[in-house]
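Reader: I would like to learn how to read helices and sheets in a model. Can we work through a case?

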Amino acid sequence: MNTKILKTLDYSSILNKCAHHAATGLGKERVEQLLPSGDFEEVKRRLKATDEAVNVNRLKGGAPFGGIRDIKTAVHRARIGGMLNPAELFDVANTIFGGRRLKRFLHDVHEDYAIESLLFLTEQIAELKTTEDKIKLCIDDNAQVVDSASPELARIRQELRTSETRARDRLEQMVRTPSIQKMLQDNLVTIRNDRYVIPVKQEYRGHFGGMIHDQSASGATLFIEPEAVVQLNNRVRELKLKEETEIEKILRMLTVLVAEVADELLGNVDALSELDFTFAKAGLAHDMKATLPILNDRGFIKIKRGRHPLIPIESVVPLDIELGNRYTTIIVTGPNTGGKTVSLKTIGLLSLMAMSGLFVPAEEGSQLCVFDAIYADIGDEQSIEQSLSTFSSHMTNIIRILREMTPKSLVLLDELGAGTDPAEGSALAISLLEYIHKMGCRIVATTHYSELKAYAFDRQGIINASMEFDVQTLSPTYRLLVGVPGRSNAFAIAERLGLAKSIIDHARGQVGEEDQRVESMIATLEENRLTAEAERQTAEQLRREVESLRVKLEAQQQRFEEQRDRLFEKAEREAQDAVAKARREADEIIADLRRMQREANEVKDHHLSDAKRRLDQAVPELRKKKAGSQPAKRNPDKLEAGDEVLVTNLRQKGHIVEIVSDTEAMVQLGIMKMKVQLADLELVKAAASAPKKPQQTAASLKRTRDENARMELDLRGSNLEDSLIEVDRFLDESYLANFGQVYIIHGKGTGILRTGIQEFLRKHKHVKSYRIGNYNEGGTGVTVAELK
């Protein structure tokens, strides 16, 4: 791609914005080398990688690039035998660690979201954990060689610290001596030329002997190494030289390790720079609110609300344009400062961005073509040094374009034919457009010549366009209107500014009749376009509302279906559990009956009754929808004694014995009586109502047999007083049911309940005799009463 074209379309400014999103120097360097590609498959690969990075940022918030450095120079020096310093080795270790961490991160992301392009780059990153560990074993986080790097270095440093302490202690002892303090400028020990010294006044220089290493700017203070510490300082110096030698030995050993894996490290650097570059493109896409363009190689461009990326988003006017389908050439007319040049640059720059693998600032669904080259002649390039006028500079550039372009090129021409006589300029512009159009290129050209409007009007594959101008505000709106030729607004503007109407009318008379008809036609087209645009916006608004309602309804339907499926699944589970429970109960009952039959060779009636009761209770009671044929609930205030009711919270039927209060009733549930809230009662069957009679002084009550009368009464767990009441009721019901004998189960326990019940039976009018149950009847836990 011609570098002049990139400069004309401000491509470098896009790269600068992209470089700000690079996390490392490697990524910045890679961004600066980015150029558009004319290879369709290569552009697709670039955009695919950018799209994956955008999704990683969206899902994970960004990739970790911390610690990664540009180590190429250090690795090359290690390869040729140079020695790396601790900081360079530390950067190598951190880069190895950073690459391995980034590799793991992207592998984890790939498990949730496919990122084949990024994963391919991570496969080129070598782990090199051993090299990293050896470097970090010798160099700390401050890029200093640690004592434990080698046993010899640890010994030398220990001895060095001891020698330094001795020299410092000896001088501090001198400084604290009163007779010496008066000779010192300050009572302190300092260092000059890596040797411990004391600051001595000039007049006492001969009292200490030793060596003078430095003096103050005024000469009043001399920094003297007393003779008493010269040997100690010499030892310190000797140990420091040994320390430097040992450190150099360690650094050379580590440098050799780096040289051994130089190829892997350089491969890591290349992969990391490409990854950082890719994520920088993703960061630019987020910053610009850009989208992934749809690519093609057939010369088709469809930009939806495209924005020039260098104009602030809050002030830019979006561009909508289509090129390469019904028409391959667009001729844009309109006044200066109307936005023609910006529209031209937007088309070119968005195409360059897409061909570079960058997202474009436009709406989803925008389509861009991979051209083999983009050519542009934009702006005034007159040159005094080359003696070129505006027209000459334009023609020089256009001639070069004509020489290099191909049918798969995009050509952008600004102010075509300008800078010369209008008649000749318009004729030359038409001829150039005709030549380029026949070549098959995609062309967008701007012009002031009205002759080009007529040329575009009757040429197949060429269409007029204009920049919208608001006559009311006397300002351009910067909107590109494809299909509407630009018209002169000079008369309207002059009239709005207050020019006399007579002058304007005279000017109109100077315009040819044909030109006036053309202007009138353009005005009518503009009016129709505005009407159609308003109707389109209204229809679009309605479409969005309908779409919103459709989405809401689909979401509601989906939620309903999911809830229905959950309810079905729950009901099935409950039914399965209930059936399984009933089956277990039935199996237990059958097993009990078989055991009894084996033990006694027969099954007593009360055992059969008990088994029947347990089987009835084992029947699963699943919740059912309330049918419309169910009896209506009676108002709790109208429930009466004798009514058969359903206790809803217990799911049991019983009879109301009496109404205790306005909110409670005593209910008989089998052998139990209990108080129940009226609100928890549901009428099953009303008590038979007897006709009211005149008030009598006495009334009689006839007790009838309960349909559910049984041959046994279980009193286990009851006290004696309550039990006797129940036994009395039980005997009455059994007597009415014509039972020959009944079984009263009282359990063994302490015998109080058994004794009390048997004493009661002895005196009861319906009891003929009683006895303790046989072994197969329950033994001493059951009393069998024979009725009269």
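Reader: What should the 12 residues of helix α22 span, and why?

Author: This is a predicted model. A helix is checked by its rise, taken as 1.5 Å a residue, so α22 (residues 752-763) should span 16 Å. Its end C-alpha atoms lie 17 Å apart, which agrees.

Reader: Which residues of α22 are buried?

Author: Buried means under 20% relative accessible area. In α22 that gives Leu753, Gly756, Ile757, Gln758 and Leu761.

Reader: What covers the buried residues of α22?

Author: The cover includes a helix, α21 (720-736). It also includes the strands β21 (741-745), β22 (767-772) and β23 (782-787).

Reader: What is the order of the strands in the open sheet?

Author: Strands of a sheet pair through backbone hydrogen bonds, either parallel or antiparallel. Here 4 strands run in the order β20-β21-β23-β22, and the pairing is mixed. β20 (712-714) and β22 are the edge strands, each pairing on one side only. On average, neighbouring strands are turned by 20° against each other, direction ignored.

Reader: How many bridges join β20 to β21?

Author: There are 3, and the two strands run parallel. Look at Leu713: opposite it, in β21, stands Ile744.

Reader: Which strands does α21 lie across, and which does α22 touch?

Author: α21 lies across β20, β21, β22 and β23. Its direction is at about 160° to β21. α22 also packs on the sheet, where it touches β21, β22 and β23. The direction of α22 makes about 155° with that of β22.

Terms used: Residues are numbered from 1 along each chain as its sequence is written. This is a predicted model: local features need pLDDT of at least 70, side-chain atom pairs count only at pLDDT 80 or more; totals for chains, interfaces and linings use all residues. Side-chain values use heavy atoms; hydrogens and water are left out. The expected span of a helix is 1.5 Å times one less than its number of residues. Buried means under 20% relative accessible area, exposed over 50%, partly exposed in between (1.4 Å probe, protein chains only). Contact means heavy atoms within 4.5 Å. Two strands pair if DSSP finds at least two bridges between them. Axes are lines fitted to C-alpha atoms, for helices over the stretch in contact, and angles run from 0 to 180 degrees between N-to-C directions.
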